[in-house]
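Colleague: Could you take one part of this protein and walk me through it slowly, saying what each term means as you go?

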Amino acid sequence: MKKEEIVMLCTTDLGGQTRGKGFPASDLADRLKKGIGWTPTNSMITAHGPIAPSPWGPFGDLVLIPDPDTRVRIDFGSDAAAEHFVMGDILHLDGTPWPVCPRGFLKRVLAAIEERHGLKVKAAFEHEFVYEAVEEKPNASYALDSFRRQGAFAERYLGALKEAGLSLDTFMPEYGPKQYEVTVGPAVGVAAADQAVAVREIARAVAHDLGSRVSFTPILRPDAVGNGVHVHFSLMDAATGAPVNHDPSHADGLSARAGSFVAGMLACLPAITAVTAAASISYLRLTPNRWSAAYNNLGYRDREAGVRICPVFQTADITKQFHFEFRAADAAASPYLVLGAMLAAGLHGLDSGLPIPAVCEGAPQNLSPERLRELDIVRLPQSLGEALDLFEADTVLAESFGAELKKAYLAHKRFEAEMMDKLSVEEQCARYAAAY
């Protein structure tokens, strides 16, 4: 019997799950033109299974149109199925964008930044995850032994990423139990989020082929260090591609445009945390002294800042290196929504001409209330419900998100939060570990 290879045409949905429909690889050329049918209520399927109350119910039809530039195919040999998928945009049947599509949302924000301010965005996602095949041991953080014990996974994983066309950077054992981190090179615009999807799904595919699994859950258990997604980003002139982030005359090196962009991000961070840290257990991570963001502060070489100015090597061109890192995110969120929310906040800063924010010297939790007010620093939400309340009340980003996407997202995540509220924290962690 001759096998028929299957291609999955996918979207990464409101719950950060990659879902789609499969078709024979022999039909790929035809499907690149006509796509495949999709249903609005599919967006309301939660990561845990039950469907959130849907504004569409059983009604409506959409089409998922693939972007050939996102195609991933990894050959696992004759005894295993190939990992073959392509990401797409959800459109109305007449070809116009469906406003609830996460990838379409990111595209809208990117277009607005370029049209209004002549800028493009370069970004890269750092991912931390748990590899279940590794035995948990004490004192394993960053250890050569931890690298050794993951066996063939890293070599096969990085080989698969390279086969998918991603620029390899680093792979390392991390601090948490069974935890590893992978980084890839930056990409411009929507491709950065496409790459983030590929990084996650290829890790899952390689682990599956080795008889195990990985989990990108925000935190494995309440006493553990969490798995973050740190988004490195920089601005570039749309016409020339030149970086526009650095100004050597500024005390902290920020240009006026980059400063306004970051200021908008900081101002909106408490509200967009509902989108970037999208699980109930995400808020176990976002606490002081856990090497994760807990305040909307700008830090310099501070790995607990909401946004940090990244270090540069003095031996190379500082202007090309100078960039920022957003730290209040994890992989329970769609990378399209994470990057879109960040950039919508930055767009607000540009539109409003916000002044360059001051760098917070020291840990915010150690500052006086008066000093925090001077710096406009506040504690980030401490639960998903609190974050959703702030997101719902926010009016600054209403245009960027659009009413339909915001309504659907709130309904989806409030339903999820209610489900999780019925469980202990340990049970919630187990649910998310299985889902992500």
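**A close look at helix α13**

Modeller: The protein has 14 helices and 15 strands, where helices (H or I, at least four residues) and strands (E, at least two) are DSSP runs numbered from the N terminus. This is a predicted model, in which local features need pLDDT of at least 70 and side-chain atom pairs count only at pLDDT 80 or more, while totals for chains, interfaces and linings use all residues. Residues are numbered from 1 along each chain as its sequence is written, and side-chain values use heavy atoms, with hydrogens and water left out.

The part I have chosen is helix α13, which covers residues 403-421. Its 19 residues should span 27 Å at 1.5 Å a residue, the expected span being 1.5 Å times one less than the number of residues; because the end C-alpha atoms of α13 are 27 Å apart, the model agrees with that expectation.

Several residues of α13 are buried, among them Leu405, Ala408, Tyr409, His412, Glu416 and Met420, and buried here means under 20% relative accessible area with a 1.4 Å probe, counting protein chains only. The cover over the buried residues of α13 includes α2 (102-117), α6 (256-276), α9 (335-352), α11 (384-393), α12 (398-401) and α14 (425-435).

To set the helix in its surroundings, 56% of the 436 residues of the protein count as buried. Of the contacts (heavy atoms within 4.5 Å) with a separation of 6 or more, 70% are between residues 24 or more positions apart. The C-alpha atoms of the protein fill a box of roughly 70 × 55 × 50 Å, taken along the principal axes.

Technical notes: Buried means under 20% relative accessible area, exposed over 50%, partly exposed in between (1.4 Å probe, protein chains only).
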